[in-house]
Amino acid sequence: MINGISKIVVPVEDQVRAKEFWTGRLGFDVLSDESYGDERWIEVSPPSGGPVLVLSPRKDAEARRELPHSPVFFSCDDLEATHRELVERGVRFPVPPARMHFGWWSLFEDDDGTRYALGQWD
């Protein structure tokens, strides 16, 4: 039986730029950065563990949605403090933290314009 999720593929325009965003600005760790043939396999993960993101080149045939939203939701213990820290690192938040009935919620954006949910869930 399935017992978990091991990796999530995140399509990116530029793997080097994406690696810098996830590691330099968000503080993720590089788990793997290897070449195989003409391609490159890059895996990053939050320092506390959690989802492993595979930064995979977007294929020419993969259409970009006008306002791309990732199906990946991230969490943190203190959204207001995390928001402040990430903004200082240059991360864009098109939706700043807001208190909702289910907890704190926001959206941050990577350098390709893909939006990711970041929340502090009650």
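**Exercise 1. How many aromatic pairs does the structure hold?** Find the total, then follow one chain of rings through the fold.

*Solution.* Keep in mind that you are looking at a predicted model.

Step 1. The total comes to 16 aromatic pairs.

Step 2. Let's pick out Phe74 and Phe108, whose rings form a pair with 5.9 Å centre to centre and 40° between the planes. Planes under 30 degrees apart would be stacked and over 60 edge-to-face, with the rest tilted, and this pair is tilted.

Step 3. Now place the two rings on the chain. Phe74 belongs to strand β5 (residues 69-75) and Phe108 to strand β7 (residues 103-109), so their pairing ties together parts 34 residues apart in sequence.

**Exercise 2. Are Phe74 and Phe108 buried or exposed?** Decide for each, then look for a further ring partner of Phe108.

*Solution.*

Step 1. The cut-off you need is that buried means under 20% relative accessible area.

Step 2. Phe74 has 8% relative accessibility, so Phe74 counts as buried. Phe108 has 2% and therefore counts as buried too.

Step 3. Phe108 also pairs with Tyr116: here the centres are 5.4 Å apart and the planes 20° apart, a stacked arrangement. Tyr116 is at 1% relative accessibility, so Tyr116 is another buried residue.

Step 4. Finally, widen the view. Phe74, Phe108 and Tyr116 are among the members of a cluster linked by ring pairs, which also includes Phe21, Trp22, Phe28 and Phe93.

**Exercise 3. Which elements does the chain contain, and in what order do they run?** Write them down from the N terminus on.

*Solution.*

Step 1. Count them: the chain has two helices and eight strands.

Step 2. Put them in order, and you get β-α-β-β-β-β-α-β-β-β from the N terminus on.

**Exercise 4. Why does the radius of gyration of the chain agree with that of a compact globule?** Compare the two values, then describe the chain as a whole.

*Solution.*

Step 1. For 122 residues, a compact globule would have a radius of gyration near 14 Å; the chain has 15 Å, so the two agree.

Step 2. Add the extents: the C-alpha trace spans about 45 × 35 × 30 Å along its principal axes.

Step 3. Turn to the contacts. Among those with a separation of 6 or more, 49% involve residues 24 or more positions apart.

Step 4. Check inside and outside. Of the 122 residues, 37% count as buried, while the chain exposes about 7600 Å², with carbon and sulfur atoms supplying 51% of that area.

Step 5. End with charge: there are 14 positive and 22 negative side chains, and the centres of these two sets lie 2 Å apart.

Conventions. Residues are numbered from 1 along each chain as its sequence is written. This is a predicted model: local features need pLDDT of at least 70, side-chain atom pairs count only at pLDDT 80 or more; totals for chains, interfaces and linings use all residues. Side-chain values use heavy atoms; hydrogens and water are left out. Helices (H or I, at least four residues) and strands (E, at least two) are DSSP runs, numbered from the N terminus. The radius of gyration is taken over C-alpha atoms; the globule rule is 2.2 Å times the number of residues to the power 0.38. Buried means under 20% relative accessible area, exposed over 50%, partly exposed in between (1.4 Å probe, protein chains only). Contact means heavy atoms within 4.5 Å. Accessible areas come from the Shrake-Rupley method with a 1.4 Å probe; for residues, only the protein chains shown count as cover. Lys and Arg count as positive and Asp and Glu as negative; His and the chain ends are not counted. The place of a charge is taken as NZ of Lys, CZ of Arg, CG of Asp or CD of Glu. Rings of Phe, Tyr and Trp (its six-membered ring) pair if their centres lie within 6.5 Å; planes under 30 degrees apart count as stacked, over 60 as edge-to-face and the rest as tilted.
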